[in-house]
Protein chains: 2
Amino acid sequence: MHSLAEENYLKTLFSLSNDKAEVNVNDLSKRLGIKMPTVTSMMKKLATKKLVHYESYKPLRLTEKGKKEAALIIRKHRLTEMYLVEKMGFGWEQVHEIAEQIEHIQSSEFFAKMDELLGYPKLDPHGSPIPDKNGKMVWSAYSKLSECKKGDTVKITAVINTSEEFLKFLNSREIHIGLKLKIKSIEPFDNSMVVTYDKRNAETLSQIVCERLLVEK
Amino acid sequence: MHSLAEENYLKTLFSLSNDKAEVNVNDLSKRLGIKMPTVTSMMKKLATKKLVHYESYKPLRLTEKGKKEAALIIRKHRLTEMYLVEKMGFGWEQVHEIAEQIEHIQSSEFFAKMDELLGYPKLDPHGSPIPDKNGKMVWSAYSKLSECKKGDTVKITAVINTSEEFLKFLNSREIHIGLKLKIKSIEPFDNSMVVTYDKRNAETLSQIVCERLLVEK
DNA sequence: AAAGAAAGTTCGGTCACCCTAAATCGAAAA
DNA sequence: TTTTCGATTTAGGGTGACCGAACTTTCTTT
């Protein structure tokens, strides 16, 4: 249906749109590692396919159709990550790169089978929600660790904006989905938090890290 | 390393070379569904990469390097087919198309893991040998069913030149790898064979079918 | 051996996707 | 309000992978 390049633009635009209200050509360009003029022309192309609303000098917006297509690609990505971890024994920090490629496989049977074998999971191994077959994605009512108060005890349910470096960092601190931790103190100067859990007595997490950890109480 | 297109040329040239002594531009062109001028120019490109020996108007030959690369792609294809059948529950006639895409995934860990989970198989679900990590492929001493004599009792060990139609045909006759059958008679006119086995008492197989079934005695 | 057919090559073109350099727009600062 | 500067688009190019048309080589047939 769509080319590999188109799928990557769609998916990335979708992800960026979830992170911030307005996504610019520049943002997309940086994230994809593709120069702005190329991004502009691809946006025009996707606009003719009714996948994005494009107006010169305006922020980029996906159409409903575009959102659905993008969500379906992300569905494939997250199902794949889940499968790699659950059924093949990969570590959660290894699977992103492989899933990045497998998400472009064209075979609904293949992904339906994964879904079935995994028992129709709702979250991927990083805790991000897996969109359903219609591209609907339901975020549970998670809050960011950075928004919690001193003394709170919370359970980590998801990790956002996953990069391999970040995942390695979490592993090195033995932090994983499902971990319960207590907030000992919050440093007013840089908003870093000192937390205790299971295996660590006083671990300091920077604000950047706290922004990326979703928790429930 | 190589582009998707290059990989497809290599793989196809390798397969055709196993079927017949000399492979022409025309053969490759037909098999790939790509016009001859395009094939010619790709051959020149692959020649500069030392993957094929190319001389104008001469048959096409892979270099040793080219053979190895091709075998490694076929390894990925066949491992994938095996995995899809054994670990995901697909039918053997469904897996070719999916494997056709997954064979291009770039991740040695991914295929190493498949190999491990499958217990380092030697044959794919169609009975074709899986090249090893160094691109070495060992064909057992199979013979074609079409080369057997009246009265022989043989076991089917592999299927060559698999197409979905052919696999469906075999399924419809309940013919599968491992099946033992006896040759009742051979029709001299068209070299078709009448065979008996397990569930069928007198099944007629055309020469085309018999050419594609590998057996051991 | 000459003619005709088939196979292979050469020679422009096209399309997708990427680039740099230069022009233009728009928002924030002077 | 004018300047300035970053963001954006336009213009022009490049490469990979494909094509058709026309030409050349090789094979086949007579």
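This report describes how two protein chains meet two DNA strands in a predicted model, and then turns to strands, cysteines and two single residues.

**The surface near DNA strand C**

Around DNA strand C there are 21 residues, and the closest of them are A:Ser3, A:Lys45, B:Thr40, B:Lys44 and B:Tyr54. Of the atoms of DNA strand C that come within 4 Å of the protein, 77% belong to sugar and phosphate. The surface near this strand draws on both chains: helix H1 (4-19) and helix H3 (36-48) of chain A, and helix H2 (25-32) and helix H3 (36-48) of chain B, each supply at least two residues. By residue class, the surface near DNA strand C is made up of 11 nonpolar, 7 polar and 3 charged residues.

**The surface near DNA strand D**

DNA strand D is surrounded by 21 residues, of which A:Met36, A:Lys44, A:Tyr54, B:Ser3 and B:Lys45 come nearest. Sugar and phosphate make up 77% of the atoms of DNA strand D that lie within 4 Å of the protein. Here helix H2 (25-32) and H3 of chain A, together with helix H1 (4-19) and H3 of chain B, each supply at least two residues of the surface. The residues near DNA strand D comprise 11 nonpolar, 7 polar and 3 charged ones.

The table gives distances from polar protein atoms to phosphate oxygens of the two strands.

| Protein atom | DNA strand | Distance to a phosphate oxygen |
|---|---|---|
| A:Tyr9, polar side-chain atom | DNA strand C | 3.1 Å |
| A:Thr38, polar side-chain atom | DNA strand C | 3.0 Å |
| B:Thr40, polar side-chain atom | DNA strand C | 2.7 Å |
| A:Asn26, polar backbone atom | DNA strand D | 2.9 Å |
| A:Tyr57, polar backbone atom | DNA strand D | 3.2 Å |
| B:Thr38, polar side-chain atom | DNA strand D | 3.1 Å |

B:Thr40, with its 2.7 Å distance to a phosphate oxygen of DNA strand C, is also listed among the residues closest to that strand.

**Strands of chain A**

Strand E4 (residues 153-159) of chain A is mostly covered, with 5 of its 7 residues buried. E4(A) is joined by 3 bridges to strand E5 (residues 180-186) of chain A, and the two run antiparallel; in this pairing A:Val154 stands opposite A:Leu181. E4(A) is also joined by 4 bridges to strand E8 (residues 213-216) of chain A, again in an antiparallel arrangement, and there A:Lys155 is placed opposite A:Glu216.

A further pair in chain A consists of strand E6 (residues 193-197) and strand E7 (residues 200-205), which run antiparallel and are joined by 4 bridges. A hairpin through 2 residues connects E6(A) to E7(A), and A:Met193 faces A:Leu205 across this pair.

**A:Lys155, a residue of strand E4**

A:Lys155 lies in strand E4 of chain A and is partly exposed, at a relative accessible area of 31%. Not counting residues up to four places away in sequence, A:Lys155 touches A:Gly178, A:Leu179, A:Lys180, A:Leu214, A:Val215 and A:Glu216. A:Lys155 and A:Leu4 are separated by 151 residues in sequence, and their C-alpha atoms are 37 Å apart in space.

**A:Arg75, a buried residue of helix H4**

A:Arg75 is located in helix H4 (residues 64-86) of chain A, and with 9% relative accessibility A:Arg75 counts as buried. The side chains of A:Arg75 and A:Asp115 are joined by a polar contact of 2.9 Å. Apart from neighbours within four places in sequence, A:Arg75 is in contact with A:Asp115, A:Ile130, A:Pro131, A:Asp132 and A:Lys133.

**Cysteines**

A disulfide is a covalent bond between the sulfur atoms of two cysteines. Over all chains, the count of disulfides comes to 0. In chain A, A:Cys148 is in no disulfide, and the nearest cysteine sulfur, that of A:Cys210, is 9.0 Å away. In chain B, the sulfur of B:Cys148 is too far for a bond, because the closest cysteine sulfur, in B:Cys210, is 8.9 Å away, and the cut-off for a disulfide is 2.5 Å. A:Cys148 is buried, with a relative accessible area of 5%, and B:Cys148 likewise counts as buried, at 5% relative accessibility.

Key:
Residues numbered from 1 in each chain as written. Chains lettered and ligands numbered in written order. Predicted model: local features only at pLDDT ≥ 70, side-chain atom pairs only at ≥ 80, totals over all residues. Heavy atoms only, no water. Near = heavy atom within 4 Å. Polar contact = N/O pair within 3.5 Å; in protein donor to acceptor, adjacent residues only side chain to side chain. Nonpolar A, V, L, I, M, F, W, Y, C, P; charged D, E, K, R; others polar. Buried < 20%, exposed > 50% of the residue type's maximum accessible area, 1.4 Å probe, protein only. Pairing = 2+ DSSP bridges. Contact = heavy atoms within 4.5 Å.
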